[in-house]
Structure formats: structure tokens, C-alpha cells
Amino acid sequence: MRTVSLDRFDFKILVHLQREGRCSNVDLADSVGLSPSPCLLRTKRLQEIGLIRGYGADIALEKLGDHVIVFSEITLSSHRPHDFRRFEEGAGKHEEIVECYNVSGGYDYLLKIVAPGVGYFQALMEQMLEDNIGIERFASRIVLRQPLDRREYPLGIIATQKRWE
């Protein structure tokens with residue numbers, strides 16, 4: 001994957017926008033030390049090159065009703081490229097699966113699933129097994145509480161200084 005060359009203003013824009021995605025361009029420009037016009041041009045450039053993929057709302061699920069968050073470790077029965085594609089396509093059909101990672105180690109995929117309850121989650125897993133998408137076995141962990149929830153990436157650690165100064 002090719003890295004993108006950033007200067008300190010680009011970096012400041014990214015840091016601010018991941019905290020305050022709904023800020024106005026004037027507020028953003030003021031926060032990063034630019035005038036509004038160049039700030040807007042830089043922000044549009046960051047969007048065009050794909051560094052900023054979009055903006056979204058942080059929804060308080062607990063205010064909508066009961067739900068469970070479950071992490072499921074999935075092991076596939078076969079490991080040919082088309083087996084991975086078949087699983088990923090099958091998993092992608094379930095909107096309850098909000099994150100899917102192909103991982104190394106003792107299993108093949110880690111899924112983050114949000115469901116209205118344990119029974120619903122169990123029915124979802126049974127459906128996925130019936131869909132015959134290559135699952136050999138799965139192990140699941142129900143989240144009891146979430147003591148840490150960072151929505152911001154550690155940009156200062158990931159983007160070394162040489163890339164943005």
C-alpha cells in the first residue's frame with residue numbers, strides 16, 4: 001500500500017476532523033492555522049485521494065433498545081482463495097456483522113456482530129452455518145461492558161513525522 005505525503009497542515013486537518021467531523025470549514029481552518037479557502041482545498045484533496053473516506057454519526061445504541069455486541073472467531077473448513085471469497089460474500093449479506101477481519105493465528109476471521117439479543121445472535125450463526133459458506137467452527141464472546149471506546153486513530157504514531165513535515 002502506497003503512503004500519502006502529508007504536511008503538518010494536512011495532518012492537523014485529519015486529527016481535527018476525526019474529533020469534530022461536523023465542524024464548519026471556518027472552524028476547521030481556525031483550529032489548524034489556515035485561512036478558510038486553502039483549508040477547504042486541502043480537505044477536498046484529502047477526500048479525493050481517499051484519506052478521508054466519509055463522515056458519520058456516533059450512534060448511542062443503548063438509547064435505541066437492548067442489544068448485544070459479540071465477537072466471533074470463525075475457522076473455515078478449507079483455505080483456497082475461493083473459500084475466503086465465498087465466506088466474505090456470505091458474511092457481507094448480514095447487516096448485523098458490522099466488522100469483519102481476516103486474521104492470522106488460530107482462526108481465520110474475527111467478526112464484530114451487533115444484534116438485538118443473544119437469541120437473535122444465535123439464530124444468525126445458525127443461518128450462517130446453513131448458508132454453507134465454509135464455516136468449520138466458531139467461538140463467540142459476548143461483550144459485557146466496554147471500558148474503553150476510542151473513535152480516533154493514533155495518527156501521530158501511525159504517520160511518522162517524515163511523512164507530514
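A nonpolar core, as I use the term here, is a set of buried Ala, Val, Leu, Ile, Met, Phe, Trp, Tyr and Cys residues joined through side-chain atoms within 4.5 Å. I note at the outset that this is a predicted model.

**Entry: the cores**

I looked up the largest nonpolar core and found 18 residues in it. I74, F87, Y109, L111, I113 and M128 have the most contacts inside this core. I then asked which elements each supply at least two of its residues. They are the strands β1 (68–76) and β3 (109–115) and the helices α4 (81–92) and α5 (118–130). Another core lies apart from this one. It has 16 residues, and I wrote down L17, C39, L46 and A159 as being among them.

I picked F87 for a closer look. Leaving aside neighbours within four places in sequence, F87 is in contact with I74, L76, C100, Y109, L111, M128, I133 and I135.

**Entry: the sheet**

Next I traced the strands. Four of them form an open sheet, and the order I read is β2-β3-β1-β4. The pairing is antiparallel. Which strands are at the edges? They are β2 and β4 (135–142), and each pairs on one side only. I also looked up the turn between neighbouring strands: on average it is 20 degrees, direction ignored.

I went through the pairs that involve β3. β2 and β3 run antiparallel and are joined by five bridges. Within this pair, C100 stands opposite L111 in β3. Y101 stands opposite L110, also in β3. β2 and β3 form a hairpin, with six residues between them. In the turn I found G105, with a positive phi of about 115 degrees.

With β1, β3 pairs over seven bridges, again in the antiparallel sense. Here I noted that V70 has I113 in β3 as its bridge partner.

How many of the seven residues of β3 are buried? Five are, so β3 is largely enclosed by the rest of the structure.

**Entry: helices α1 and α3**

I turned to helix α1 (residues 8–19) and helix α3 (residues 36–48). Their axes come within 10 Å and cross at roughly 75 degrees. Angles of 65 to 115 degrees count as roughly perpendicular, and α1 and α3 are therefore roughly perpendicular to each other.

I listed the residues where the two helices meet. From α1 they are F9, D10, I13, L14 and L17. From α3 they are C39, R42, T43, R45 and L46. I sorted the residues of this contact by kind: six are nonpolar, one is polar and three are charged.

**Entry: L17**

L17 sits in helix α1. Is L17 buried or exposed? I found a relative accessible area of 11%. Buried means under 20%, so L17 is buried. Leaving aside neighbours within four places in sequence, L17 is in contact with C23, L28, T43, I52 and Y55. I checked the spacing to one of these, T43. L17 and T43 are 26 residues apart along the chain, and their C-alpha atoms are separated by 9.4 Å.

**Entry: H94**

I looked for H94 and found it in the loop between α4 and β2 (97–102). Its relative accessible area is 13%, so H94 is buried. I left aside its neighbours within four places in sequence and asked what else H94 is in contact with. The residues are L124, Q127, M128 and D131.

**Entry: R86 and N132**

R86 is in helix α4. I read 32% relative accessibility for R86, so this residue counts as partly exposed. Beyond its neighbours within four places in sequence, R86 is in contact with N132, I133 and G134. I looked up the spacing to G134 as well. R86 and G134 are 48 residues apart along the chain, with their C-alpha atoms separated by 7.4 Å.

That list led me to N132. Where does N132 lie? I found N132 in the loop between α5 and β4. At 55% relative accessibility, N132 counts as exposed. I then checked the backbone. Most residues other than glycine have a negative phi. Phi of N132 is near 55 degrees, a positive value in a residue other than glycine.

Notes:
Residues are numbered from 1 along each chain as its sequence is written. This is a predicted model: local features need pLDDT of at least 70, side-chain atom pairs count only at pLDDT 80 or more; totals for chains, interfaces and linings use all residues. Side-chain values use heavy atoms; hydrogens and water are left out. Buried means under 20% relative accessible area, exposed over 50%, partly exposed in between (1.4 Å probe, protein chains only). Helices (H or I, at least four residues) and strands (E, at least two) are DSSP runs, numbered from the N terminus. Contact means heavy atoms within 4.5 Å. Axes are lines fitted to C-alpha atoms, for helices over the stretch in contact, and angles run from 0 to 180 degrees between N-to-C directions. Angles under 35 degrees count as roughly parallel, over 145 as roughly antiparallel, 65 to 115 as roughly perpendicular and the rest as oblique. Ala, Val, Leu, Ile, Met, Phe, Trp, Tyr, Cys and Pro count as nonpolar, Asp, Glu, Lys and Arg as charged, and the others, Gly among them, as polar. Two strands pair if DSSP finds at least two bridges between them.
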